[in-house]
2 protein chains.
Amino acid sequence: MTHYKIALLSFLCLGTSIALGQTIKEDFKPSTKNQPGKEYPQVNSQGYARFRIEAPAADSVRVSLGLGGRGGTLLEKGEDGFWTGTTEGPMDEGFHYYHVNVDGGTFNDPGAKNYYGSVRWESGIEIPAYDQDFYALKDVSHGKVEQILFPSPSTNTSRRAFVYTPPGYAKNPNKKYPVLYLQHGWGENETAWSNQGHANLIMDNLIAEGKIEPFLIVMTYGMTNEIKFGGLRSFDITPFQTVLVDELIPYVDENFRTIADEDHRALAGLSMGGMETKMITLNKPDVFSYYGLLSGGTYAPEDVDKEDVKLIFLSCGSKERPKAIKAATEKLKEAGYPVASYISEGTAHEFQTWRRSLKEMVPKLFTK
Amino acid sequence: MTHYKIALLSFLCLGTSIALGQTIKEDFKPSTKNQPGKEYPQVNSQGYARFRIEAPAADSVRVSLGLGGRGGTLLEKGEDGFWTGTTEGPMDEGFHYYHVNVDGGTFNDPGAKNYYGSVRWESGIEIPAYDQDFYALKDVSHGKVEQILFPSPSTNTSRRAFVYTPPGYAKNPNKKYPVLYLQHGWGENETAWSNQGHANLIMDNLIAEGKIEPFLIVMTYGMTNEIKFGGLRSFDITPFQTVLVDELIPYVDENFRTIADEDHRALAGLSMGGMETKMITLNKPDVFSYYGLLSGGTYAPEDVDKEDVKLIFLSCGSKERPKAIKAATEKLKEAGYPVASYISEGTAHEFQTWRRSLKEMVPKLFTK
């Protein structure tokens with residue numbers, strides 16, 4: 001790249017920064033979601049993301065991450081064959097999915113680790129959040145995330161689930177635990193709550209701080225048809241409800257030390273997982289006593305015919321529809337239901353909202 | 001594409017097939033390692049692999065998989081913007097890593113799932129093997145693969161390992177089990193033996209058939225420096241040996257129901273993991289009694305100063321250096337050591353060799 005081009009590029013970047021009223025700080029560091037040893041993508045202390053991708057003979061490289069509605073971030077080719085670029089503005093705190101468009105094809109960033117979302121393994125990047133300590137890997141006792149393969153006659157296969165067992169589970173062979181069944185969103189799978197959400201670390205940290213009593217979390221794939229995720233409006237809950245209620249729960253109750261009754265069983269989910277939670281809790285009022293919808297809609301008082309429900313938890317990001325959450329919470333309160341809600345400040349329909357929602361919800365579970 | 005071009009392409013393909021003395025059968029099916037719902041890559045019953053990747057504006061798309069020394073498979077662009085191509089000949093049975101070169105940049109195939117190898121998350125493809133039944137997901141009782149995070153003072157972090165616990169582990173709270181510590185190869189990590197190797201399914205199936213008594217398998221990351229894998233000749237085993245022997249083993253013995261003595265502890269590894277196995281078993285003769293090198297070198301009789309070693313297992317693929325394995329086996333036998341060896345027919349330095357080696361080795365462990 002000539003000096004002229006560098007000067008021009010710097011000027012253009014500066015222009016962008018001034019337009020947004022902010023100078024980009026040159027304190028970029030590799031994202032914590034990078035593959036081992038990979039320097040890019042990077043993030044800075046303001047939340048800008050910077051990309052660097054090799055494709056010497058390509059005509060166009062674009063990253064899907066960027067400011068809403070602007071088509072992501074177009075990278076610029078350097079003479080070394082690497083394409084580089086920085087988001088036009090700061091990104092929201094937390095985890096984001098993205099991918100790379102190279103000459104019209106969709107690929108992943110070779111520097112980033114992959115996370116299942118949007119019905120594909122996507123690249124992931126982490127914008128450091130002011131409150132990232134609550135899901136950090138710390139020097140505390142750690143629970144396990146156990147992969148199980150449980151028999152599912154209704155789908156004629158062995159299905160996968162992950163079970164979080166808290167620290168001490170193995171050493172207290174007579175202790176029994178409540179269980180939270182926790183569902184992912186559309187296009188994700190049973191790996192999302194651990195990989196993107198760090199649900200295990202959130203639990204480890206809350207337990208280490210004495211803020212919750214230990215319990216199990218079970219995470220499985222929320223669609224029985226592996227391929228066709230579409231058609232949420234005509235969605236049939238029956239196949240997944242059968243897997244969850246008739247197959248997975250009995251398997252977990254038989255193979256883990258659970259308190260196997262409705263008073264010690266919760267169901268929660270994010271986005272589509274919230275929709276599933278609502279359908280299944282209403283269809284099967286005798287199975288769960290704690291309900292959680294995380295960016296996943298609301299209950300109206302007339303929906304709920306379980307008079308002894310112990311908690312309804314509703315949440316979303318402040319960039320979603322917090323008014324709807326607040327209004328539904330008021331109505332449920334007025335109708336006499338035990339309800340709690342939470343709005344994640346400054347976040348949208350993304351995992352930082354759900355990490356925070358989980359942290360807010362779990363201390364309220366299994367307390368009655 | 002015009003009819004002329006299709007005809008030309010067919011002729012060229014036919015030409016290739018005739019050159020190799022084989023007509024390509026058009027019975028291609030999606031690889032079992034594809035992402036959900038993805039039609040490509042595909043494999044046929046002869047072991048050919050076919051790729052189809054969208055990149056309408058690219059000038060060149062090449063897949064790294066192909067016949068040795070020929071630079072992989074160059075794809076051809078269709079008028080629909082998809083690049084397609086078939087390997088020049090059949091690939092070896094089993095699992096292969098690969099990646100895609102798009103206009104000079106290295107990416108993954110958006111149709112395939114990703115597997116950590118070559119110090120990056122690579123695309124993976126599965127060529128059906130005649131003996132694939134032994135690592136198939138069947139309707140048998142399944143063990144768990146448990147992710148643990150164990151404290152590692154020597155590396156100042158919590159490190160990850162996966163522990164296979166067999167069917168029945170949770171239901172027999174007084175039973176204690178032997179343990180196999182099982183290491184991955186260079187550029188891989190602690191996910192390899194489960195994801196690529198299907199070690200858990202191999203164990204489940206052998207246990208279901210009554211061919212082995214259940215035991216635990218522990219798999220952790222075999223390098224303490226996350227980035228610098230290079231320099232195998234000047235390799236210092238001490239940091240990993242400390243993690244394994246002084247940190248992981250005590251943690252496993254405290255947190256799982258193990259028979260915590262050398263007679264019930266094995267160490268084995270593939271490739272670089274075999275090199276590590278050899279170094280650690282010789283450095284620490286009182287820790288392990290069963291040794292396994294899978295495409296990972298050999299022991300000479302004069303190496304081994306543990307007179308009561310219970311088994312030395314050596315293996316490799318027939319396309320590697322089987323003569324060296326056979327010669328070393330003879331020498332160890334002559335010197336009076338208990339030794340077993342295995343050669344995987346028709347496979348090279350790849351996971352099919354190691355799946356088969358594991359299946360051959362585990363019935364010989366913990367039998368004395």
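**Exercise 1. Two helices of chain A**

How are H4(A) and H5(A) oriented to each other, roughly parallel or roughly perpendicular? Work this out from the helix axes in this predicted model.

*Solution.* Begin with the axes: helix H4 (residues 238-255) of chain A and H5(A) pack at an angle of about 65°, and their axes are 11 Å apart. Angles of 65 to 115 degrees count as roughly perpendicular, and H4(A) and H5(A) are therefore roughly perpendicular to each other. As a next step, consider the handedness, for H4(A) passes H5(A) in a right-handed crossing. Finally, look for the residues that meet: H4(A) contributes A:Phe240, A:Gln241, A:Leu244 and A:Val245, while H5(A) contributes A:Glu276, A:Met279, A:Ile280 and A:Asn283.

**Exercise 2. The surroundings of strand E17(A)**

Describe which strands pair with E17(A), and decide whether the residues of E17(A) are buried or exposed.

*Solution.* Take the covering of the strand as the opening step: E17(A), which spans residues 265-270, is mostly covered, with 6 of its 6 residues buried. In a regular strand the side chains alternate between the two faces of the sheet. Applied here, A:Arg265, A:Leu267 and A:Gly269 point one way from E17(A), whereas A:Ala266, A:Ala268 and A:Leu270 point the other way, and all are buried.

Now turn to the neighbours. Strand E15 (residues 179-183) of chain A pairs with E17(A) in the parallel sense over 5 bridges, and A:Leu182 stands opposite A:Ala268 of E17(A). Strand E18 (residues 290-294) of chain A also pairs with E17(A) in the parallel sense, over 5 bridges, and here A:Leu270 has A:Leu294 in E18(A) as its bridge partner. To close, bring in the helix from Exercise 1: H5(A), residues 272-283, joins with E17(A) and E18(A) to make a right-handed β-α-β unit.

**Exercise 3. A proline in a loop, and a covered helix**

Locate A:Pro338 in chain A and name the residues that A:Pro338 touches, leaving aside those up to four places away in sequence. Then say how many residues of H7(A) are buried.

*Solution.* A:Pro338 has its place in the loop between helix H6 (322-334) and strand E20 (339-344) of chain A. Its contacts beyond four places in sequence are A:Val309, A:Lys310, A:Leu311, A:Ile312 and A:Lys368. A further step takes us to A:Ser357, which is 19 residues from A:Pro338 along the chain, with 17 Å between their C-alpha atoms. A:Ser357 is one of the buried residues of H7(A), and the others are A:Phe351, A:Gln352, A:Thr353, A:Trp354, A:Arg355, A:Arg356, A:Leu358 and A:Met361. This helix, residues 351-361, is mostly covered, since the count gives 9 of its 11 residues as buried.

**Exercise 4. Two open sheets of chain B and a helix**

Give the strand order of the open sheet of 5 strands in chain B and of the open sheet of 3 strands, and state which strands of the latter H7(B) touches.

*Solution.* The sheet of 5 strands is open, has antiparallel pairing and follows the order E1-E2-E3-E7-E6 in chain B. Strand E1 (29-30) and strand E6 (76-77) of chain B stand at its edges with a single partner strand each, so one side of each is left without a neighbour in the sheet. Further in, strand E3 (residues 49-54) and strand E7 (residues 82-86) of chain B pair in the antiparallel sense over 5 bridges, and B:Ile53 has B:Trp83 of E7(B) as its bridge partner.

The sheet of 3 strands, also open and antiparallel, has the order E8-E12-E11 in chain B. Its edge strands are E8 (94-98) and E11 (114-117) of chain B, each of which pairs on one side only. On average, neighbouring strands of this sheet are turned by 50° against each other, direction ignored. H7(B) packs on this sheet, where it touches E8 and E12 of chain B, and its direction makes about 145° with that of E8(B).

The last step follows H7(B), residues 351-361, to another helix: H3(B), residues 199-208, packs with H7(B) at an angle of about 35°, with axes 10 Å apart. The contact involves B:Ala199, B:Ile202 and B:Leu206 of H3(B) and B:Arg355, B:Leu358 and B:Lys359 of H7(B), and the crossing of these two helices is right-handed.

Notes
Residues numbered from 1 in each chain as written. Chains lettered and ligands numbered in written order. Predicted model: local features only at pLDDT ≥ 70, side-chain atom pairs only at ≥ 80, totals over all residues. Heavy atoms only, no water. Buried < 20%, exposed > 50% of the residue type's maximum accessible area, 1.4 Å probe, protein only. Pairing = 2+ DSSP bridges. Right-handed = clockwise from strand over helix to strand, strands pointing away. Axes fitted to C-alpha atoms, helices over the stretch in contact; angles between N-to-C directions. Parallel < 35°, antiparallel > 145°, perpendicular 65-115°, else oblique. Left-handed = near helix turned anticlockwise from the far one by under 90°. Contact = heavy atoms within 4.5 Å.
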